[in-house]
Structure formats: C-alpha cells, structure tokens
Amino acid sequence: MRPRPQSQALGTILLRPLAWLYAAVLAVRNWLYDYGWKHSAPGWVPLIGVGNLRVGGTGKTPHVAWLIEELLRQGQRPAILSRGYGRQTKGPRLTAPADSAATVGDEPWQYYQQFGDLGVPVVVAENRQLGLDLLRQQHPELTTVVLDDAYQHRRVRPALNILLTELARPFYHDYVLPAGRLRETRAGAARADVIIITKCPPDLGAGAQAAIAAQVRRYARPGALVLFSAYDYAAPQPLTAELDLDCNPIEPRSEQLPVPGPALLLTGIAQPGPLREHLEAAGYTIVHHEALPDHHYFQLADLKALQAHWQPGWPIFTTEKDATRLVAPGLWAQQLQIARHIYTIPVRVALLGAGAAQLRQLLPGASPASPVLL
C-alpha cells in the first residue's frame with residue numbers, strides 16, 4: 001500500500017473519534033442481528049450476496065456477471081436484486097425494456113442489457129425483502145437470486161456471502177468513515193463465506209497471494225475461502241449505432257476499431273485507474289481523462305468539456321457502466337461528431353488459479369433445467 005501524505009495521515013487521525021462513534025453504532029446494529037434481536041430472513045430460494053466493506057468500486061458488477069453466467073451454465077434460473085442506486089424512481093421495480101439507467105440505476109440497467117434476453121429478471125428495491133417478494137410474485141420459477149451490493153443490508157440472509165476487497169485498497173489497511181472509506185469495521189469480514197481480492201495482476205505469485213490471504217484471515221471466520229481475481233478486458237466496442245438527434249440508432253457502425261495512438265478517456269466510476277492502465281498498456285496515449293464522480297449523470301457541459309480536448313479521428317473510451325448513462329435522448333444533439341468515436345471496453349473477471357473451480361463448488365446446486373447457452 002502506498003504511503004499516505006503527512007497531511008492526509010493527520011486528517012485521518014483527527015477524524016478517528018468520529019469514526020469510532022460511527023463504528024460503535026454499526027457494531028451495536030450488527031450485534032442485534034448476530035444475536036437475533038433484529039430479524040434476518042433467508043430467501044425463498046438460495047440467495048448469493050455480493051458486496052464490500054468499502055465505499056467505492058471493488059468490481060461488484062463484473063463479479064455479479066460472472067456468477068450469473070455460471071449459474072446459467074449450471075442450468076439455474078437466476079435473478080439479480082439491486083438497490084438501484086441513483087435512480088429517479090422509488091420502491092420495488094421489475095426492469096423492463098422501457099426502462100433506462102434513470103429509472104432503475106446504471107448497474108441494474110447494465111445487467112438487464114447483458115442478461116435480459118437470457119431470461120434473467122432484474123429487480124431494484126431499497127428494501128431487499130420487498131424486492132424478493134416482487135420476484136416471488138412475478139417469477140416463481142427462479143432457483144437463485146444474486147444480491148448486488150447488499151453486504152450491509154441484513155434484513156435478508158444470504159446462503160452464500162461473498163465479500164470483495166480491492167488489492168490496491170484492502171479493507172485490512174483501511175478505517176471506518178469518515179477517517180477512512182469503510183462502511184463498517186474490519187470485523188465485518190467475519191460474515192463472509194468467500195473473500196475475493198479483486199483487480200489483481202493476472203500473474204500475481206503464490207507467495208504474494210499467501211501473504212495477502214494471511215492478512216485477510218486475521219478478520220475472516222475460520223474456513224472462509226480466500227480467492228483472487230483479475231480483470232479481463234475485451235476489444236473496444238462502438239458505443240452505439242449512428243445516432244439521430246434523440247440518440248436513436250439509425251444504421252450500424254461500419255468503421256474499423258481504433259488503433260493505438262492518442263485517445264481520450266471519459267469515466268463516471270469510482271476507480272477508473274485499472275482501465276486507464278489497460279489502455280496505456282495497449283498502446284493508447286491518454287491525452288485527456290474526463291474523470292467524473294461515480295454514477296454521474298452526464299450533461300451537455302461534460303461533452304463540451306471533452307470535445308475541447310478532442311481531435312478528429314481520436315477514439316474516446318468509456319466503460320460499459322458509463323455507457324448506460326451516455327445513451328440518453330437529447331444528450332448528443334449538439335455533439336454527434338464525437339458520439340461516433342466513443343467506444344466501450346467490456347470487462348469480465350477471471351479467478352486466478354483454481355479459484356473458479358473452488359467457487360463453483362460453493363454455488364447452490366443446479367436445477368434439472370437445461371443449461372442456457374451463452
């Protein structure tokens with residue numbers, strides 16, 4: 001972990017009393033759930049929880065996608081349940097073709113675009129129990145539900161609880177808000193059945209893995225599985241077809257994929273660093289990175305700021321998650337020229353070593369239904 005500047009370290013020390021107070025409140029809440037004073041209900045089908053202790057990106061979206069793909073291969077009928085952070089609606093909502101990132105949130109909309117045609121329902125609900133009730137009413141055929149970002153939502157109890165922590169910012173080196181970025185104390189890791197260290201180099205050695213796992217096991221429950229994953233980036237994909245003024249597709253894009261050289265990067269995610277490193281390693285020179293806050297809803301001013309740094313022919317890269325918020329009616333009315341040069345970089349996860357086989361063994365058993373071909 002990189003040493004922090006002296007001013008940052010001093011700020012952390014000054015904020016620790018507030019962090020202790022916050023941690024104490026959360027500790028009492030968790031104690032009430034742990035000892036049954038607050039009720040935590042299992043699902044009507046096995047639940048798989050995916051979450052983290054830290055605020056910010058740890059790679060939940062591609063790990064949820066990995067689980068859904070694996071469950072489909074096993075013949076399961078899975079669904080995804082998310083809070084729907086940043087959406088402009090309230091209450092339980094079953095995602096439908098007429099929805100968008102604005103109505104269900106960017107991550108659920110990304111899930112729906114990826115898995116909707118495969119019959120995977122996506123529901124958003126602040127209260128996960130209400131979301132499960134909606135899924136049971138609308139899709140009684142389900143065999144499993146994956147809970148996206150529900151590690152601290154303890155009204156429901158997963159059959160398998162997966163905790164993610166980023167290699168560059170592991171929970172065991174962090175502090176509770178506001179002194180650090182943790183949503184709860186490091187002791188919360190003891191609720192996990194599986195802890196995955198994310199965004200690792202694909203060639204992370206056995207010695208380094210053992211040292212990291214030893215740090216994790218200081219807080220994990222006995223028998224918890226410690227795994228490691230890396231990002232697997234695919235080739236750039238055009239953001240959309242040719243657009244009209246309302247951002248509706250007109251005809252397929254036909255130009256060749258971009259070649260290494262000058263490029264721009266547009267992101268509204270918590271941790272864009274790994275994507276930038278990937279692009280630079282692939283030979284692109286990032287002339288300008290328009291880095292906006294996580295879940296940022298893009299405005300015309302953002303696109304104008306981006307175009308000020310752009311030269312004709314330069315590719316503009318973004319993420320799949322950001323793409324859900326970029327394709328919005330009216331957004332590109334004055335910026336069609338750069339819209340045709342925007343590419344997403346699809347990202348998936350690869351579990352290192354025998355990690356994939358180990359995690360598969362912990363997933364709920366497959367149903368007798370035929371596997372879905374992906």
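What follows is a chat about a predicted model of one protein chain.

Me: Before we start, what do local features need in this predicted model?
Reply: They need pLDDT of at least 70, side-chain atom pairs count only at pLDDT 80 or more, and totals for chains, interfaces and linings use all residues. Residues are numbered from 1 along each chain as its sequence is written, and side-chain values use heavy atoms, with hydrogens and water left out.

Me: OK, how many helices and strands are in the chain?
Reply: The chain has 11 helices and 16 strands, taken as DSSP runs numbered from the N terminus, with helices being H or I over at least four residues and strands E over at least two.

Me: And what share of the residues is buried?
Reply: Of the 374 residues, 52% are buried, where buried means under 20% relative accessible area, exposed over 50% and partly exposed in between, with a 1.4 Å probe and protein chains only.

Me: Switching to T58, where is that one found?
Reply: T58 is in the loop between β2 (47-52) and α2 (60-73), and T58 counts as buried because its relative accessibility is 1%.

Me: What does the side chain of T58 make a polar contact with?
Reply: The partner is the side chain of N52, at 2.9 Å; a polar contact is a pair of N or O atoms within 3.5 Å, and within protein one must be able to donate a hydrogen and the other to accept it, while residues adjacent in sequence count only if both atoms are side-chain atoms.

Me: Now the rings: how many aromatic pairs does the structure hold?
Reply: It holds 6, and one of them is F171 with Y219, which is edge-to-face at 5.8 Å centre to centre with 70 degrees between the planes. Rings of Phe, Tyr and Trp (its six-membered ring) pair if their centres lie within 6.5 Å, and planes under 30 degrees apart count as stacked, over 60 as edge-to-face and the rest as tilted.

Me: Are F171 and Y219 buried or exposed?
Reply: Both F171 and Y219 are buried, and ring pairs link F171, Y172 and Y219 into a cluster.

Me: What about F317 and Y343, why is that pair tilted?
Reply: The ring centres of F317 and Y343 are 6.4 Å apart and the planes are at 50 degrees, so the pair counts as tilted. F317 lies in strand β14 (residues 316-318) and Y343 in strand β15 (residues 342-344), so the pair ties together parts that are 26 residues apart in sequence.
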